[in-house]
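This report looks at how the secondary-structure elements of one model are arranged, beginning with a pair of helices and moving on to the sheet.

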Amino acid sequence: MTALITRDELAHAIETGAVTVLDTLGGEYYAQQHLPGAVELVRADVDRLAPALLPDLGAAIVTYCSNEACPNSGQVADRLTALGYTDVRKYREGIQDWSEAGLPVERA
């Protein structure tokens, strides 16, 4: 099971540039809004794109999707772990929690 990260921990990690954030919703959802600096990576593209997007297997990575009910972030996190990434966490509450807290989002 993937370790979790809190909103406050994630906000600090983004602010300090200490993490790569992955939006696992993709497509129109990513275009409408995503966490600051987030990179779009959906489950179907992990095997093909991860080596180029995430060359450091030990880098801090956080996945997120819409909310706790969305399985995407867990699926991407599990696949990254299976590929050998060692510091993968999941922001379980997702963009819904982030935006409801009034934190900044970006649009494509």
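## Helix packing and the parallel sheet

Helices α3 and α4 are roughly perpendicular to each other, a description that follows because angles of 65 to 115 degrees count as roughly perpendicular and the two axes cross at roughly 65°. This is a predicted model, and in it the axes of α3, residues 46-53, and α4, residues 72-82, come within 11 Å. The crossing in which α3 passes α4 is right-handed. On the α3 side the contact is made by Val-46, Asp-47 and Ala-50, which meet Val-76, Arg-79 and Leu-80 of α4. Sorted by character, the residues of this contact comprise four nonpolar and two charged ones, with no polar residue.

Turning to the strands, the model holds an open sheet of five, arranged in the order β1-β5-β4-β2-β3 with parallel pairing. The edge positions are taken by β1 (3-4) and β3 (39-40), and since each has a single partner strand, one side of each is left without a neighbour in the sheet. The pairs of strands are set out below, each with its bridges and one example of residues standing opposite each other.

| Strand pair | Bridges | Residues opposite each other |
|---|---|---|
| β1 and β5 | two | Leu-4 and Lys-90 |
| β4 and β5 | four | Ile-61 and Val-88 |
| β2 and β4 | four | Thr-20 and Ile-61 |
| β2 and β3 | two | Leu-22 and Val-39 |

Strand β4, residues 61-64, pairs in the parallel sense with β2, residues 20-23, and it also runs parallel to β5, residues 88-91. Ile-61 of β4 appears in both of these pairings, standing opposite Thr-20 and opposite Val-88 in β5. Leu-22 likewise takes part in two pairings, since it stands opposite Thr-63 in β4 and opposite Val-39 in β3.

What is found on the two faces of β4, and are its side chains buried or exposed? In a regular strand the side chains alternate between the two faces of the sheet. For β4, Ile-61 and Thr-63 lie on one side and Val-62 and Tyr-64 on the other, and all of these residues are buried, so that both faces of the strand are covered.

Note on methods
Residues numbered from 1 in each chain as written. Predicted model: local features only at pLDDT ≥ 70, side-chain atom pairs only at ≥ 80, totals over all residues. Heavy atoms only, no water. Axes fitted to C-alpha atoms, helices over the stretch in contact; angles between N-to-C directions. Parallel < 35°, antiparallel > 145°, perpendicular 65-115°, else oblique. Left-handed = near helix turned anticlockwise from the far one by under 90°. Contact = heavy atoms within 4.5 Å. Nonpolar A, V, L, I, M, F, W, Y, C, P; charged D, E, K, R; others polar. Buried < 20%, exposed > 50% of the residue type's maximum accessible area, 1.4 Å probe, protein only. Pairing = 2+ DSSP bridges.
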